[in-house]
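Good morning, and thank you for making time on the agenda. I should like to take you through one structure, with attention to its side-chain contacts and its backbone.

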Amino acid sequence: MPLPAGGEMAWPPPELHPVAKKLTEWGAWYSGDGDALVSVYSLAGSATTPLSQTFFASDMAYGASGPATVARTFWGQPLTPGTVRTKLHVPVAADIAELSANLLFGEMPTFTATDSATQKELDAFQTDGMHSSLREAAELTAALGGVYLKVVWDETLSDRPWLVPVTPEQAVPTWAWDRLKNVTFWTVLHQDEDVTIRLLECHEVGSISYGLYEGKPTELGERIPLSSFEGTQHLAELYGESGVMLTELPWLTAAYVPNVKPNRIWQGVRCAVNFGRSDFAGIELLMDALDETYTSWMRDLRLAKSRIIVPSSMLESEGPGKGARLDLEREAFVGMEGMLTDPNSSGITLNQFDIRVDEHLATAEALFEQIVQSAGYSVQSFGGKGDVAAVTATEIQARKEQSLNTRDQKVLYWRPALQHLFQALLGIDRLVFGAQVRPEAGIDVAFPDAVQPSLKDLAETLSVLVQAKAMSLKLRVQTLHPTWTKAQVDQEVAAILAEEQATAPAARPAPAPVPAAP
């Protein structure tokens, strides 16, 4: 969609409200913020949170037919007046998102171009903070079901463009079938009780458009000049008040990367059918139960603290109006006849409850295992119990098979998105910075194996292949260092050849010819 004309139109568009509500819920679990979880699930947050209003009003559940049924949640239980909140949160959602990012981008993928000039620039992208940006995007993707990546540049900060992740609630996409046609990112630059100023940034094939709008918290408002706000004056200087930059590129300068598809809960929501599925989808109540289990466990610990009950006769008065106390360091007390009902009793009662460790531990482990498996991972991927003996890469892969299968599924969505984005990066690099590159020739993206063999296993494999004369020196270096760039591989090959030549035995001189017989 091109930039909207503005006016009284609602913003964000109402059709995306079901998406925003679910993203709020997943975002609360990902953040691990207890206040956010209470706001999502509790009636106490219904006055300010759209999700809780919908959740507890029992209206249409995320576009499905029929009314939603309110489920009992631990975080939704109201706090007893006069007490402090003792609910404990286990950050399993954040751990799942972090594991997903580590599996995908624990090592940087390899980007390969067809010509040396383009390859040199690709290598520079890979060593210019790109790895951390992709890993950040992968973690957000696992939590929120997908993430947008857009190409940005600033000649005062860098001599090449880079990628920035954008969360789905800050974007309004338009789809052509299942492909992203264009997307409008929006940012609130200023907000008070009366005025909300938003910057909209629309990425289309061949152009990027910027628009500044002055409206209300739920209304886009009228479009105003870019130069009228301090934070957007530089855009007016670069692209004029129209705010249009013509890239003339055949690629969109933004992409949406789904986590996994299909998203089961949005099959009936037309505008959301192409969005990905969060790793948290369907396990929200299980995570809620895990928090309740750990909170109950900690409650047992608090209640089981050893306490003593003493008769008032053992207390020493501090004076009128100052109360009384018991000196626990005192070694002897003098009893008074007639004060104790049992003459054989000391009058001191010891009170200490049992701590149900085994019951809580078994419940927590069962819930954790179900949460992890339902999210698509192996419990072994999170460490924990197990032998510490050395194992081969094949054994590790067998133990973590479910996690690796989920990782392979996610790679299917990341690879084409990265191919497209790096072509757009190179195109902007050529347009803005004058780089001599050819993105039209295409780019190949290869993800390294998630489980790498040990150096000993790899050395034995390479030795067998060398003896069989089935592997060149360059391929051996590439196999040993899969994340190295082409320049690094060529430099290592040259160094090895130079060492071999220096240590090679000197050639024996040729024998002198024997003179012919007369």
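I will speak about salt bridges, then a cavity and its aromatic surroundings, and finally some backbone details.

Please keep in mind throughout that this is a predicted model.

Let me begin with the charged side chains. The count of salt bridges comes to 14, and I will discuss three of them individually.

The first involves Glu25 and Lys22, whose side chains meet at 2.8 Å, N to O. Both residues belong to helix α1, which covers residues 17-31, and they are 3 residues apart, about one turn of the helix. Are these two partners buried or exposed? Glu25 has a relative accessible area of 5%, so it is classed as buried, the limit for that class being under 20%. Lys22 is likewise buried, because its relative accessibility is 7%.

The second salt bridge joins Glu121 to Arg160, with 3.3 Å between the closest N and O atoms. Here distant parts of the chain are linked: Glu121 sits in helix α5 (residues 116-126), while Arg160 is in the loop between β3 (146-152) and β4 (162-166), 39 residues apart. Both Glu121 and Arg160 are buried.

The third is formed by Lys150 and Glu201, at 3.1 Å from N to O. This pair also links distant parts of the chain, since Lys150 is in strand β3 and Glu201 in strand β7 (residues 196-204), 51 residues apart. Lys150 and Glu201 are both buried. There is also a network to mention: salt bridges with shared partners connect Lys22, Glu25 and Glu284.

I turn now to the interior space. How many cavities of 30 Å³ or more does the structure hold? It holds 1. The largest cavity contains about 40 Å³ of space. Which residues line the largest cavity? They are Val19, Leu23, Leu144, Pro168, Tyr256, Trp266, Phe275 and Gly276. Sorted by class, this lining comprises 7 nonpolar residues, 1 polar residue and no charged residues.

Several aromatic residues appear in that lining, among them Tyr256 and Phe275, which brings me to the rings. The structure holds 17 aromatic pairs. One of them is made by Tyr256 and Phe275, a tilted pair with 5.6 Å from centre to centre and 55° between the planes. The pair links distant parts of the chain, with Tyr256 in strand β11 (residues 254-258) and Phe275 in the loop between β11 and α8 (284-303), 19 residues apart. Both rings belong to buried residues.

A further tilted pair is that of Tyr294 and Trp297, with 5.8 Å between centres and 35° between planes. These residues both lie in helix α8, 3 residues apart, about one turn of the helix. Tyr294 has a relative accessible area of 27% and is therefore partly exposed, as it falls between the 20% and 50% limits. Trp297, at 13%, counts as buried.

What residues form the aromatic cluster that includes Tyr256 and Phe275? The members are Trp26, Tyr148, Trp175, Phe185, Tyr256, Trp266 and Phe275. Elsewhere, a charge meets a ring: Lys87 lies over the face of Phe74, at 4.9 Å from the ring centre.

One contact across the sequence deserves a word. Asp444 is found in strand β16 (residues 444-446) and is partly exposed at 43% relative accessibility. Its C-alpha atom is 5.7 Å from that of Phe111, although the two residues are 333 apart along the chain.

I close with the backbone. Where are cis peptide bonds found? One runs from Trp11 to Pro12, with omega near 0°, and Pro12 lies in the loop between β1 (6-10) and α1. Another runs from Lys261 to Pro262, also with omega near 0°, and Pro262 is in the loop between β11 and α8.

Positive phi values also occur in residues other than glycine. Trp177, with phi near 60°, is in the loop between β5 (171-176) and β6 (179-191). At 82% relative accessibility, Trp177 is exposed. Glu248 has phi near 55° and is placed in the loop between β10 (244-246) and β11. Its relative accessible area of 67% makes Glu248 exposed too.

Thank you for your attention.

Notes
Residues numbered from 1 in each chain as written. Predicted model: local features only at pLDDT ≥ 70, side-chain atom pairs only at ≥ 80, totals over all residues. Heavy atoms only, no water. Salt bridge = Lys/Arg side-chain N within 4 Å of Asp/Glu carboxyl O. Helix = DSSP H or I, 4+ residues; strand = E, 2+ residues; numbered from the N terminus. Buried < 20%, exposed > 50% of the residue type's maximum accessible area, 1.4 Å probe, protein only. 1 Å grid on protein atoms, 1.4 Å probe; cavity = no way out; pocket = protein on both sides within 12 Å on 5 of 7 lines; lining within 4 Å. Points joined across faces, edges and corners; volume = space filled by probe spheres on them. Nonpolar A, V, L, I, M, F, W, Y, C, P; charged D, E, K, R; others polar. Phe/Tyr/Trp six-rings, centres within 6.5 Å; stacked < 30°, edge-to-face > 60°. Lys NZ or Arg CZ within 6 Å of the ring centre and 35° of its normal.
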